Amino acid sequence: MLKLTISVPPKADFIEHPEILLDAWRGGIEVLVKRHLLERNRSRPSRAPMPKSSYYADAAKSVTSAIVGSAAEVTIDHAGIALHYYGGIVLPTNGRKALAIPKNPAVHDAKPSEIDPSRKLLTLIWPKGKTAGVLRHKDTNEIYYLLVKKATIHADENVLPSEGELLEAANNAMKSIL
């Protein structure tokens, strides 16, 4: 989850019905964030041979906003969005020893345990001393998953519109009702 809080300029406090301006301010920011995420989803290439992800389009669907005091608060309630914005390291959880990254369209959006619950279909290949391994299909030798001990996600401030773009969208929304 990621929250943005943008303070409303002081001039809104002197208007007879500031709540109307605050709501326009909030709405302008929310619309811009949604459009930005949808454009990011559209413009990002798929990683062949994997199907194109709808990650940022799904994030856009999760955007909500509210007025909190004299600020607009926009929330993107989507798994991993803060990780993409701030960056960080992803480690295996639930006692697992590695992260499984799908590398074959046949296993897109599925965990190895869902593909091979009996553990007879996939073969583990992890050379000694190496930091990565693979899970291959036993019969076809196709690589289904890349296995890594950790993944580093670099910070990307372009996940969101710039502060200037947010303020411009909010001001334009306010001007449209004046």
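Two strands count as paired here if DSSP finds at least two bridges between them. Keep that in mind while looking around this model, which is a predicted one.

**The three-stranded sheet**

By that rule, β1, β3 and β2 line up in that order as an open sheet of 3 strands, with antiparallel pairing. The edges belong to β1 (2-7) and β2 (63-68), each of which pairs on one side only. On average, neighbouring strands in this sheet are turned by 20° against each other, ignoring direction. As a general reminder, strands of a sheet pair through backbone hydrogen bonds, either parallel or antiparallel.

Take the β1 side of the sheet. Here β1 pairs with β3 (residues 71-76) over 6 bridges, in the antiparallel sense. If you want a spot to click on, try T5, which stands opposite E73 in β3.

What lies across these strands? That would be helix α1 (residues 18-43), which lies across β1, β2 and β3 and runs at about 160° to β2.

Is T75, a residue of strand β3, buried or exposed? T75 counts as buried because its relative accessibility is 11%, and the cut-off for buried is under 20%. Leaving aside neighbours within four places in sequence, T75 is in contact with M1, L2 and K3, and also with S62, V63 and T64. Of the strands, β1 covers 2-7 and β2 covers 63-68, so you can follow those contacts by eye along with the definition of contact as heavy atoms within 4.5 Å.

**Two hairpins in a row**

Further along the chain, β6 (residues 122-125) and β7 (residues 132-137) run antiparallel and are joined by 4 bridges. L122 has H137 in β7 as its bridge partner. Next, β7 pairs with β8 (residues 143-148), again in the antiparallel sense, over 5 bridges. In that pairing, V134 stands opposite L146 in β8.

Here are the two hairpins with their turns:

| Hairpin | Residues between the strands | Turn residue with positive phi |
|---|---|---|
| β6 and β7 | 6 residues | G129, about 80° |
| β7 and β8 | 5 residues | N141, about 65° |

**Loop residues with a positive phi**

Most residues other than glycine have a negative phi. With that in mind, have a look at two loop residues.

D109 is found in the loop between β5 (99-102) and α4 (112-115). D109 is not a glycine, yet its phi is positive, at about 65°. D109 counts as exposed because its relative accessibility is 67%, and exposed means over 50%. From D109 to K138 is 29 residues in sequence and 20 Å in space, C-alpha to C-alpha.

R119 is the other one, and it lies in the loop between α4 and β6. Its phi is near 60°, a positive value in a residue other than glycine. How does R119 come out, buried or exposed? At 71% relative accessibility, R119 counts as exposed.

**A nonpolar patch on the surface**

Which residues form a nonpolar patch on the surface? They are I20, I177 and L178, and together they have about 320 Å² of accessible area. I177 lies in helix α5 (residues 163-177). Its relative accessible area is 41%, so I177 is partly exposed. That value also fits the patch rule, because patches are made of residues with over 30% relative accessible area and no salt bridge.

Technical notes: Residues are numbered from 1 along each chain as its sequence is written. This is a predicted model: local features need pLDDT of at least 70, side-chain atom pairs count only at pLDDT 80 or more; totals for chains, interfaces and linings use all residues. Side-chain values use heavy atoms; hydrogens and water are left out. Helices (H or I, at least four residues) and strands (E, at least two) are DSSP runs, numbered from the N terminus. Axes are lines fitted to C-alpha atoms, for helices over the stretch in contact, and angles run from 0 to 180 degrees between N-to-C directions. Patches are made of residues with over 30% relative accessible area and no salt bridge: like charges are joined within 9 Å, nonpolar side chains (Val, Leu, Ile, Met, Phe, Trp, Tyr) within 5 Å. Accessible areas come from the Shrake-Rupley method with a 1.4 Å probe; for residues, only the protein chains shown count as cover. A salt bridge is a side-chain nitrogen of Lys or Arg within 4 Å of a carboxyl oxygen of Asp or Glu. Buried means under 20% relative accessible area, exposed over 50%, partly exposed in between (1.4 Å probe, protein chains only).
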